[in-house]
Structures are given as C-alpha cells and as structure tokens.
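Here's a quick tour for anyone meeting this structure for the first time. Have a look at the model first, then read on.

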Amino acid sequence: MFKKNKEKNTYNYFDEFIKTSEYILESAKTLKETIKEYNKEVLEKNILSVHKLENEADNSLHTMRNYLIKDFLPPIDREDIIFIGHNLDDIEDEIDEVLINLNILNIESLREEIFEFVDLLLECAEKVKETLNVFKNFNKNINLIKEKVVEINKLEDRGDRIFEQAMKRLYQEEINSIEIIKWTTMFNCLENTIDSCENIANSIEDVIMKNS
C-alpha cells in the first residue's frame, strides 16, 4: 500500500510532458548541428542520437498510458493526456524522419531553405518547452499559455512561407527530376515537423478552454 501511494505522489503527467519536450528540444538542436556540419559521418552519428531520444519519448508515452489505466482521478481528462502525449511524440518522430530522409535519399548538398527550416524548428521546440513549463500550472497561467500558443502559431505561419518559397524555387530552378523528388520529400517532411509543433500548441489550448 505504501509503495502505491508513493507512486501516486511522485508520478506527474505534466512533468512527463516537460521531459518529452526536452527530448524534442535536444533533437532539434542535433538536427541543426547536423545541417551546420553536414557530412555523412556526422549524419549517421546524429541519427543514432536522435533515435535514442525518440525511443525515450516512446517509453515515456508507454509508461504514461500504463499509469493512466490505473489512475482513479487524473488531473485532466484521460483522452486529453493521451492526445497531448501523442502529439508530443509526433514531433519527435518527425524530427527523426527528417534525419532518416537525409540519409535514405542520399542528400549530398543542401538547399539554402533547409537552414531556415532547422532554425525555425529550433525556435518552435523552445516555445513548446516553454509552453509545457507553464502548462503544469495551467489554472494560474491561462493568459500566458494563450500567448505561447499564439507565438507558436506565428512560427508555423513563417514555416508555411518558407515552404512555399522553397517549393517555388525548387520547381523554377532545378532541372534534375531526381533532385526535385528528393527535395519535395524533404521540404514536405520539414513542414510536417513545424506543423506538429502547432498541433501540440492547439491541443494545449483546447485543454485549457475545457478546464477554465
């Protein structure tokens, strides 16, 4: 009985969300490092690093689901906890996929827009972590959370503009059809990663609207 009560007192869903956001931020930094010092050796090393972080995020979500099954009274609705957990996991998966695509598509030289994308993604990851830090006490931080959500939405809008210009320039300037296929895949993957950051912001906003 004592052990069960101790677990109840120590497990905190909001802390787990924050922990996952730290994995995401570390992965975004690793992706930026990969692009900054782009070569096959760095790429392969960093793919392994992000794989480990992605596995940690998966384990955190798995533990959360198992704990939620037996939790009599979670702090917010069960479906909201799972929804936020999955959305966080999606960001980590998308970053992982960017690195995998760089490898499997055999990207040898980088187009300039990818530097804008990874810088923007790092900003998004930082804002996601900031949002989850204040979400832990959401009843006291409703206005601040709303401000953070707006900031992430604005970053996603910037991502849309980068994507549109990148695709336009790719189809205007590139004559090699293989390169067009490769970079269409890469740009779509990068945009999806930015979109996944907006998804978590919107899901958090939905939760505070339901509970305020």
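This is a predicted model, and its mean pLDDT is 93, with 96% of the residues reaching 70 or more. The confidence isn't spread evenly, though. Of the elements in the protein, helix H1 (residues 2-10) has the lowest mean pLDDT, at 47, while H5 has the highest, at 97. Residues 1-8 are where the pLDDT drops below 50, and that stretch makes five contacts in the model beyond its near neighbours in sequence.

Now for two of the helices, H2 and H3. Here's how their end-to-end C-alpha distances line up with what you'd expect at 1.5 Å a residue.

| Helix | Residues | Number of residues | Span in the model | Expected span |
|---|---|---|---|---|
| H2 | 13-36 | 24 residues | 35 Å | 34 Å |
| H3 | 40-70 | 31 residues | 46 Å | 45 Å |

So H2 agrees with its expected span, and H3 comes out close to its own. Both starts have an asparagine to look at. At the beginning of H2, a side-chain oxygen of Asn12 comes to within 2.9 Å of the backbone nitrogen of Phe14. Over at H3, Asn39 caps the N-terminal end, with a side-chain oxygen 3.1 Å from the backbone nitrogen of Glu41.

While you're in H2, take a look at Glu16, which sits in that helix. Is Glu16 buried or exposed? Its relative accessibility is 12%, so Glu16 counts as buried. Setting aside residues up to four places away in sequence, Glu16 touches Tyr11, Ser60 and Met64.

Next, the nonpolar core. The largest one holds 64 residues, and the members touching the most others are Phe17, Ile84, Leu102, Phe135 and Phe187. At least two core residues come from each of H2, H3, H4 (78-104), H5 (113-135), H6 (142-173) and H7 (177-211). Which helix gives the most to this core? That's H7, with 13 residues. For a closer look at one core member, try Leu102: leaving out residues up to four places away in sequence, Leu102 touches Ile35, Tyr38, Lys40, Leu43, Ile107, Leu110, Ile114 and Met186.

What about disulfides? A search of the whole structure turns up zero. Cys189 is in no disulfide, and the nearest cysteine sulfur to its own, that of Cys197, is 12 Å away. Why is Cys197 not bonded to Cys124? The two sulfurs are 4.7 Å apart, which is too far for a bond, and Cys124 holds the closest cysteine sulfur to that of Cys197. Cys189 counts as buried because its relative accessibility is 4%, and Cys197 counts as buried at 0%.

Last stop: Thr193, which you'll find in helix H7. Thr193 has a relative accessible area of 1%, so this residue is buried. A polar atom of the Thr193 side chain lies 2.9 Å from the backbone oxygen of Cys189. Apart from neighbours within four places in sequence, Thr193 is in contact with Glu94, Ile95, Val98 and Leu121. Thr193 and Cys124 are 69 residues apart in sequence, yet their C-alpha atoms are 9.6 Å apart in space.

Notes
Residues numbered from 1 in each chain as written. Predicted model: local features only at pLDDT ≥ 70, side-chain atom pairs only at ≥ 80, totals over all residues. Heavy atoms only, no water. Helix = DSSP H or I, 4+ residues; strand = E, 2+ residues; numbered from the N terminus. Expected span 1.5 Å × (residues − 1). Polar contact = N/O pair within 3.5 Å; in protein donor to acceptor, adjacent residues only side chain to side chain. Buried < 20%, exposed > 50% of the residue type's maximum accessible area, 1.4 Å probe, protein only. Contact = heavy atoms within 4.5 Å. Core = buried A, V, L, I, M, F, W, Y, C linked by side-chain atoms within 4.5 Å. Disulfide = S-S within 2.5 Å. pLDDT = per-residue confidence, 0-100.
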